[in-house]
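Dear colleague,

Please find below the structure I agreed to hand over, followed by a summary of what was found in it.

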Amino acid sequence: MTAADDLVPTDFQELTQALKYCVLLHDARTFEILWANRAACDLLGWTVDELRPLKAPDMSKNARQYSRELGHRWLRGAVDNGVGATEWCYRSKSGEEILTEAIAIRVELATRTAIMVQFRDIAEEKAVRRDLVRTEHRLRAFLSELAEGIVVLDDSDRVVFASESALRLLGEHLRGADFTAYCRDGAVPAREGRCRLAAPGHEPRWYAATCQRIDIESDLRGRMLLFYDITDRVLAEERHRRDTQRLDHLARYNAMGDMAMAIAHEVSQPLAAAYNFVEGARGRLATGDESVAWGLDNAARQIDRARRILGSLRQYVGRLEQSEQLTDLNAIVRDCAYFIELRAREAAVTVAIDLTDAPLPVRCENVLIGQVVMNLAFNAVEETAGLPEQERRVEIATRLAEDGSAELAVRDRGHGPPPDERVFDGGFTSKENGSGIGLALSQRIVTRHGGRIGVGPNQPCGAVFSFRLPLAEPENR
């Protein structure tokens, strides 16, 4: 004898009444309602006695898919096949429409064949499911439109997930593939950085990538790699690097040209004088003239002068290939002063140099910043050369600017600031045979050193070209 044998019919009725699942019992032949459990009565709002005379139109939503004919077809299918499932929208006594999941089961009772319909409210579940589907569709659309590719790799670097955007970037065969075959620089990026990726047999492109571990329940775990194409940026950076190298070469080339002019001008004079002294001394050797010794001494002094000029130039040229270093802006100006004054003497222009007493430490390439100083000074000398004699004056001054940077200013008394706002773009020049490349070079050199260059009016007339460089911290001794 089993425990179930101890149960009496009323016990089974109580068990049925305690169910949270709603139960309606229909006659298998007429489909009339025979009985309902407590859960069904509570959900629909009717008592069992009120439910018995009701027909399908009385307790179903007024819509074609819930018509009496379709309801009977569903119940008849359960009679014929033993079971039938559907979604059915009941209407409660208060008129509330309740979407349910309903299962009809044929039951052979002692007195008749019946159909037991079990149903539960799925309206909230249905709404949640719709929200999930909508969210999934939106997420898929969002991921498919991303510029970034997303892949998830297992511990053996095999792709267990690939977004639509990743497939567009690296090809349709990415899913399930060994991702190391796509990495043209070796291993898969561990954190973040740049790498070259491409499907086997394709031209690699540059990507910025970030990598992190994920563990989404049990079905998606590993390393998630996000990557997006930066090939255009890398190529632009490479072009900029080549342009910078060309800029450095051109600036040094200009500096060498300026020094070559200085050599041609300065060395020729003492050497010519020395030649004349030597020729004169040679003519007096036969007569025993005492001036011979004087002439030879002067010749030696002139040749020594030429030697010092060449030594100074050699020292300057020796710094052309030095890298960026800590230096004093005033020292750079002093190095350039000789060449500036030489150019000014040719044009009968007076140059006044006013440097700060305290050093102005900057970190730069001396020869490049020196080239900027000479470019601005030479332009000012040429601008001033055509003025009346008393106006031929150029002032070069350094100072500690109010923003804490080191500033150099070149003032002339010429025609004033250029009217063209693009004065530093490489196309502006006021010289008859000029190209404007000097100002463009100056602007790029200063900008590359973290500074800025500008032009404004001088008082009472003329222009002021100036640039500022960040002040550097002195190095620890």
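Phe31 lies in the loop between strand S1 (22-27) and strand S2 (33-36). Please bear in mind throughout that this is a predicted model. With a relative accessible area of 11%, Phe31 is buried, because the limit for that class is under 20%. Leaving aside residues up to four places away in sequence, Phe31 touches His26, His72, Leu75, Arg76, Val79 and Ile115. The C-alpha atoms of Phe31 and Gly71 are separated by 9.5 Å, although these residues stand 40 apart along the chain.

I turn next to helix H10. H10 comprises 18 residues and reaches 26 Å from its first C-alpha to its last, close to the 26 Å expected at 1.5 Å a residue. H10 nevertheless bends by about 40 degrees at Ala337. At the start of H10, a side-chain oxygen of Asp328 comes to within 3.0 Å of the backbone nitrogen of Asn330. Just after H10, Ala348 adopts a positive phi of about 55 degrees.

Which residues of H10 are buried? They are Leu329, Asn330, Ile332, Val333, Cys336, Ala337, Phe339, Ile340, Leu342, Arg343 and Ala344. As a reminder for reading that list, an α-helix has 3.6 residues a turn, so residues three or four places apart point the same way. Ala337, where H10 bends, is among the buried residues.

Helix H11 may be described in similar terms. H11 has 19 residues and spans 27 Å from its first C-alpha to its last, close to the 27 Å expected at 1.5 Å a residue. Of the 19 residues of H11, 16 are buried, so this helix is largely enclosed by the rest of the structure.

A salt bridge connects these two helices: the side chains of Arg343 and Glu382 meet at 3.4 Å, N to O. The pair links distant parts of the chain, with Arg343 in helix H10 (residues 329-346) and Glu382 in helix H11 (residues 366-384), 39 residues apart. Arg343 counts as buried at 14% relative accessibility, whereas Glu382 is partly exposed, with a relative accessible area of 36%.

How many salt bridges does the structure hold? There are 29, and two further examples are set out here.

In one of them, the side chains of Glu237 and Arg194 meet at 2.8 Å, N to O. This pair also links distant parts of the chain: Glu237 belongs to helix H7 (residues 231-266) and Arg194 to strand S8 (residues 192-197), 43 residues apart. Glu237 is partly exposed, with a relative accessible area of 36%, and Arg194 is partly exposed at 42% relative accessibility.

In the other, the side chains of Arg452 and Asp403 form a salt bridge of 2.7 Å, N to O. Here too distant parts of the chain are linked, since Arg452 is in strand S16 (residues 452-457) and Asp403 is in the loop between strand S14 (393-400) and strand S15 (406-411), 49 residues apart. Salt bridges that share partners join Arg399, Glu402, Asp403, Glu407, Arg452 and Arg468 into one network. Within that network, Arg452 is partly exposed, with a relative accessible area of 48%, and Asp403 is partly exposed at 42% relative accessibility.

With kind regards

Note on methods: Residues are numbered from 1 along each chain as its sequence is written. This is a predicted model: local features need pLDDT of at least 70, side-chain atom pairs count only at pLDDT 80 or more; totals for chains, interfaces and linings use all residues. Side-chain values use heavy atoms; hydrogens and water are left out. A salt bridge is a side-chain nitrogen of Lys or Arg within 4 Å of a carboxyl oxygen of Asp or Glu. Helices (H or I, at least four residues) and strands (E, at least two) are DSSP runs, numbered from the N terminus. Buried means under 20% relative accessible area, exposed over 50%, partly exposed in between (1.4 Å probe, protein chains only). The expected span of a helix is 1.5 Å times one less than its number of residues. The bend at a residue is the angle between axes fitted to the seven residues ending there and the seven starting there. A polar contact is a pair of N or O atoms within 3.5 Å; within protein, one must be able to donate a hydrogen and the other to accept it, and residues adjacent in sequence count only if both atoms are side-chain atoms. Contact means heavy atoms within 4.5 Å.
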